Amino acid sequence: MAVEGDRRPGPEVAGRRSKLLAGWGPGGDGRRSVAIALLSTIVFFAIVVFAVTHSPGWPEVRKTFFDWGEFRSSLPEIASAFKLNVKIFCIAEVFILIFALLIAVIRSLPGPVFFPLRALAIAYADFFRGVPTILVIAILGFGAPALQLKHVPTSTTFWGIVALVLIYTAYVSEVYRAGIESVHPSQEAAARSLGLSRAQTLRHVILPQAVRRVIPPLLNDFIGLQKDTALVGILGAVEAFKQSEIDTDATFNYTPYVTAALLFVALTIPLARFTDWLIARDRRRRQSGGVA
Amino acid sequence: MNEALVVDGVHKRFGKLEVLRGIDLEVAEHEVVCLIGASGSGKSTLLRCVNLIEPVSAGRIVVAGEEITARGVDVNRVRRRIGIVFQAFNLFPHMSVLRNVTLSPCAALGQSRSEAEANAIELLERFGLADKRNEYPDRLSGGQQQRVAIVRALAMRPELMLLDEVTSALDPELVAEVLEVIRELAAGGMTMVIATHEMSFAREIANRVCFLDDGVILEQGPPEQIFSSPREPRTQQFLARIVAAGRM
């Protein structure tokens with residue numbers, strides 16, 4: 001049933017998607033696909049492993065990057081330092097989610113009165129999406145403490161978090177904004193026609209729908225933020241990357257870098273799978289809703 | 001006679017396009033007025049202007065003695081007195097049926113949750129929807145969704161209901177249940193302005209039928225007169241096309 005303002009993907013789109021994913025499901029036709037996928041994966045990785053391990057420099061690389069003893073001895077310290085990454089991530093994320101929503105709402109304010117606010121929000125988002133993260137961290141982390149502001153912490157971790165919040169708020173506000181704009185104007189008309197004010201409409205009708213739609217891209221930005229906590233290490237805060245650098249400098253063996261990398265991956269993979277699961281669930285729900 | 005609604009010389013322009021070109025309409029309390037006319041004749045725009053979703057370009061609209069198009073009028077307060085139901089239902093998809101109905105009484109009228117829910121359940125029961133109260137709109141048929149949308153508007157206890165082609169998006173077999181609800185509202189004395197393409201329904205329910213053509217009310221009168229012996233050639237042409245399409 002085609003209703004005005006109905007933006008669900010049509011059956012053709014859904015069909016194409018499910019065909020793409022067919023190889024992953026069980027089911028009669030799928031079993032052969034799984035077997036083929038498995039075989040081609042094994043062949044592919046066999047070739048890659050063969051090529052790498054038979055390269056001329058492999059014995060040297062294995063010793064300096066994949067040393068089991070180095071790995072075991074560096075893991076406790078790096079894992080302990082990694083707690084700082086998790087802490088930076090958790091604190092920054094809370095502020096990012098709040099500030100980004102504010103920026104997105106400011107950008108959606110209508111009318112000429114709010115032009116200065118809208119312009120500021122746009123300038124902010126443009127600026128902090130344009131400057132490389134590492135530069136913002138360096139400038140704030142080395143510059144801001146030198147101001148010797150009263151009642152403001154001078155710790156590098158603090159300023160690292162501020163820099164990450166500034167950068168990621170700009171990104172996440174764009175994600176929120178896309179969500180707000182994806183809610184059909186007829187929803188606002190319906191809410192306003194019932195006598196709800198603009199703010200009430202935003203709070204009860206627009207934002208709940210907008211946020212629900214952008215959860216997958218939001219989680220994607222979470223993953224980016226988790227990785228970028230390593231950049232705070234350049235300020236001297238001993239997080240996982242900095243700790244692995246210290247270890248590397250001490251032993252001239254690069255295995256600690258790999259240790260740190262594995263820790264980051266171990267944290268982001270569950271989040272990535274969770275994001276996929278959310279996307280799939282959302283699609284399932286919309287499709288079952290479309291039948292009713 | 002008390003006028004529930006007076007539309008006085010209303011014009012509405014979208015850029016260069018003039019959709020309403022001087023509408024005059026008076027609706028008495030408890031009266032049911034049907035607006036008929038081709039798509040683009042201005043029926044929907046007129047209803048949206050009365051609900052202040054669209055600001056008028058010129059003219060006045062008076063609801064129960066208050067000029068709602070005057071400067072400085074609180075639009076939210078005006079809209080609470082006027083219910084509007086749209087062609088595409090526009091239910092809130094993230095809320096249950098019950099919450100769809102109680103949101104506005106709670107947020108805009110300041111009713112307590114329990115008070116609003118008691119009222120909502122009473123209305124839902126009256127229109128045979130009580131068992132759907134915890135469903136989400138996506139799980140309902142179009143007819144059920146539209147009935148919920150009507151209940152949602154009624155929960156604000158409006159003095160005036162505006163219905164904008166409320167059956168046009170429905171599968172034919174679902175139209176009857178929605179028309180039944182409107183019949184019941186009319187029987188209860190609700191003042192209504194109904195834009196519709198359902199001519200036999202308009203003939204049955206309307207106290208007065210207005211034929212809109214190119215942004216003006218070209219002809220109005222009792223349904224028997226408009227449908228049986230229209231005076232204006234344009235009205236005759238329009239109705240002849242409807243008959244030819246098998247819609248009357």
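What percentage of the 292 residues in chain A is made up of buried residues? In this predicted model, buried residues account for 37% of chain A. The secondary structure of chain A consists of twelve helices and zero strands, and the order along the sequence is accordingly written α-α-α-α-α-α-α-α-α-α-α-α. When contacts in chain A between residues at least 6 apart in sequence are considered, 76% join residues at least 24 apart. The exposed surface of chain A amounts to about 17,000 Å², of which 69% is supplied by carbon and sulfur atoms.

In chain B, the analysis centred on strand 8, which spans residues 191-195. Five of the five residues of this strand are buried, and strand 8 of chain B is therefore largely enclosed by the rest of the structure. The burial applies to both faces of the strand: B:Thr191, B:Val193 and B:Ala195 point one way, B:Met192 and B:Ile194 point the other way, and all are buried.

Strand 8 of chain B pairs with strand 3 and with strand 7 of that chain. Strand 3 of chain B, formed by residues 32-36, is joined to strand 8 in the parallel sense over four bridges. Within this pairing, B:Val32 has B:Met192 as its bridge partner in strand 8; B:Met192 is also one of the two residues named above as pointing the other way from B:Thr191, B:Val193 and B:Ala195. Strand 7 of chain B, formed by residues 160-164, likewise runs parallel to strand 8, and five bridges connect the two. Here B:Asp164 stands opposite B:Ala195, a buried residue of strand 8. The connection between strand 7 and strand 8 involves helix 6 of chain B, residues 172-187. Together, strand 7, helix 6 and strand 8 of chain B make a right-handed β-α-β unit.

The association of the two chains was examined next. The contact comprises 28 residues from chain B and 23 residues from chain A. About 2,200 Å² is buried between chain B and chain A, with 58% of this area on carbon and sulfur atoms. On the chain B side, the residues losing the most area to chain A are B:Phe92, B:His94 and B:Asp138, which together provide 24% of what that side buries. The number of salt bridges between chain B and chain A is zero.

Methods:
Residues are numbered from 1 along each chain as its sequence is written. Chains are lettered from A and ligands numbered from 1 in the order in which they are written. This is a predicted model: local features need pLDDT of at least 70, side-chain atom pairs count only at pLDDT 80 or more; totals for chains, interfaces and linings use all residues. Side-chain values use heavy atoms; hydrogens and water are left out. Buried means under 20% relative accessible area, exposed over 50%, partly exposed in between (1.4 Å probe, protein chains only). Two strands pair if DSSP finds at least two bridges between them. A crossover is right-handed if, with the strands pointing away from the viewer, the path from the first strand over the helix to the second runs clockwise. Contact means heavy atoms within 4.5 Å. Accessible areas come from the Shrake-Rupley method with a 1.4 Å probe; for residues, only the protein chains shown count as cover. Buried area is the accessible area (1.4 Å probe) that two parts lose on being put together, summed over both. A salt bridge is a side-chain nitrogen of Lys or Arg within 4 Å of a carboxyl oxygen of Asp or Glu.
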